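Here is a short set of questions and answers to work through. Keep the model open as you read.

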Amino acid sequence: MSHYSGPLLTRPIAETLLAAREADANEWLGSLDLGRTKGSAPLQTDTWEWKGQRYPYPHKLKDRTIYYWDGDEFAPVSRFSGSLIKLVPTEWGAPTFEIDGIKMLPTSKESPFEDARRKVALVEPRDKVLLDTCGGLGYFAACCLEAGVASIQSFEKNPDVLWLRTLNPWSPDPEEPAHGGRLRLAHADVSQAITQVADHSVDALLHDPPRFGIAGELYSQLFYDQLARVLRRGGRLFHYTGSPNKLTSDRDVPREVAKRLEKAGFKAQLALDGVLAMRR
């Protein structure tokens with residue numbers, strides 16, 4: 001799926017666009033790709049222009065919603081196919097996403113992109129072959145590419161999340177020439193796909209699964225044994241678990257994870273909001 005290159009609007013951006021028109025300005029200056037770049041949009045009475053295409057002025061946009069041009073109107077970046085999946089703006093520029101109202105990336109203290117960068121640094125991806133189990137919006141992959149990873153294989157099970165990625169300018173495009181073919185993104189369930197990954201074929205692992213109640217199989221001993229099988233000796237794994245006090249009321253998920261990883265053949269310790277482990 002090719003990446004969208006048109007404008008992305010939020011309510012605050014739309015309000016500044018309309019205010020510029022009301023002030024009889026000839027152009028609007030700002031970002032229409034969620035803070036990635038800045039540019040100017042020439043303004044006319046009934047339309048405004050971006051990258052050579054004219055658009056109508058937006059009206060009645062909702063808070064906490066990102067809009068894209070679908071060819072007829074500015075439509076929300078959301079889909080409902082069993083669950084409501086939605087790209088959600090943040091004060092940091094890089095968006096998060098929600099599934100049925102549950103925020104999938106931390107955003108309270110820093111950008112979800114910066115959060116990903118700190119976690120990726122723990123596995124030292126430069127010049128390594130890396131496996132990204134649950135790709136999501138691709139922030140782990142983007143940070144690995146930025147850090148000089150040799151190659152990264154990423155899996156994502158949910159087709160609607162893959163669609164969100166095509167609309168999110170912060171999500172890396174596997175077909176982008178600048179990435180040099182280093183990112184491979186597969187639409188697949190990693191709990192099954194990992195059985196096809198060769199023994200000891202990756203140098204590092206990033207595991208950012210949905211919460212335990214949604215994807216318990218990705219916290220299982222069976223799955224951790226598979227992670228140990230594909231990782232080379234001395235290879236690092238970062239496993240996001242989140243805050244156990246917020247996600248669960250009666251379980252210490254990080255310590256449970258660390259215990260299972262130890263059993264699978266890792267040396268594990270708590271780190272950031274997850275577990276950092278090394279293959280013994």
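Q: What is the handedness of the crossing of α6 and α8?
A: This is a predicted model. Two packed helices are described by the angle between their axes and the distance between the axes. Here α6 (residues 221-230) and α8 (residues 253-264) have axes 9 Å apart. Their crossing is right-handed.

Q: Are α6 and α8 parallel, perpendicular or oblique to each other?
A: The two helices pack at an angle of about 50°. Roughly parallel needs under 35 degrees, and roughly perpendicular needs 65 to 115. The angle fits neither class, so α6 and α8 are oblique.

Q: How many residues of the contact of α6 with α8 are nonpolar?
A: Helix α6 brings Gln221, Tyr224, Asp225 and Ala228 to the contact. Helix α8 brings Val257, Arg260, Leu261, Lys263 and Ala264. Of these residues, 3 are charged, 1 is polar, and the nonpolar ones number 5.

Q: Which helix gives the largest share of the largest nonpolar core?
A: In soluble globular proteins, nonpolar side chains tend to be buried together. The largest core here has 37 residues, and Val77, Phe97 and Leu206 are among those with the most contacts inside it. Elements that each supply at least two of its residues include α2 (112-121), α3 (139-146) and α4 (159-167). The largest share, 7 residues, comes from α3.

Q: How many residues does the other core have?
A: Another core lies apart from the largest one. Its members include Leu227, Leu231, Val257 and Phe266. In total, this core has 28 residues.

Q: Is His207 buried or exposed?
A: His207 is found in strand β15. Leaving aside neighbours within four places in sequence, His207 is in contact with residues including Thr133, Phe223, Leu227 and Tyr240. Buried means under 20% relative accessible area. His207 has 0%, so this residue is buried.

Q: Is Lys60 buried or exposed?
A: Lys60 lies in the loop between β5 (53-56) and β6 (67-69). Its phi is near 55°, a positive value in a residue other than glycine. The cut-off for exposed is over 50% relative accessible area. Lys60 has 83%, so this residue is exposed.

Q: What is the relative accessible area of Arg64?
A: Arg64 is also placed in the loop between β5 and β6. Its phi is positive, about 55°, although Arg64 is not a glycine. Arg64 is partly exposed, with a relative accessible area of 45%.

Terms used. Residues numbered from 1 in each chain as written. Predicted model: local features only at pLDDT ≥ 70, side-chain atom pairs only at ≥ 80, totals over all residues. Heavy atoms only, no water. Core = buried A, V, L, I, M, F, W, Y, C linked by side-chain atoms within 4.5 Å. Buried < 20%, exposed > 50% of the residue type's maximum accessible area, 1.4 Å probe, protein only. Helix = DSSP H or I, 4+ residues; strand = E, 2+ residues; numbered from the N terminus. Contact = heavy atoms within 4.5 Å. Axes fitted to C-alpha atoms, helices over the stretch in contact; angles between N-to-C directions. Parallel < 35°, antiparallel > 145°, perpendicular 65-115°, else oblique. Left-handed = near helix turned anticlockwise from the far one by under 90°. Nonpolar A, V, L, I, M, F, W, Y, C, P; charged D, E, K, R; others polar.
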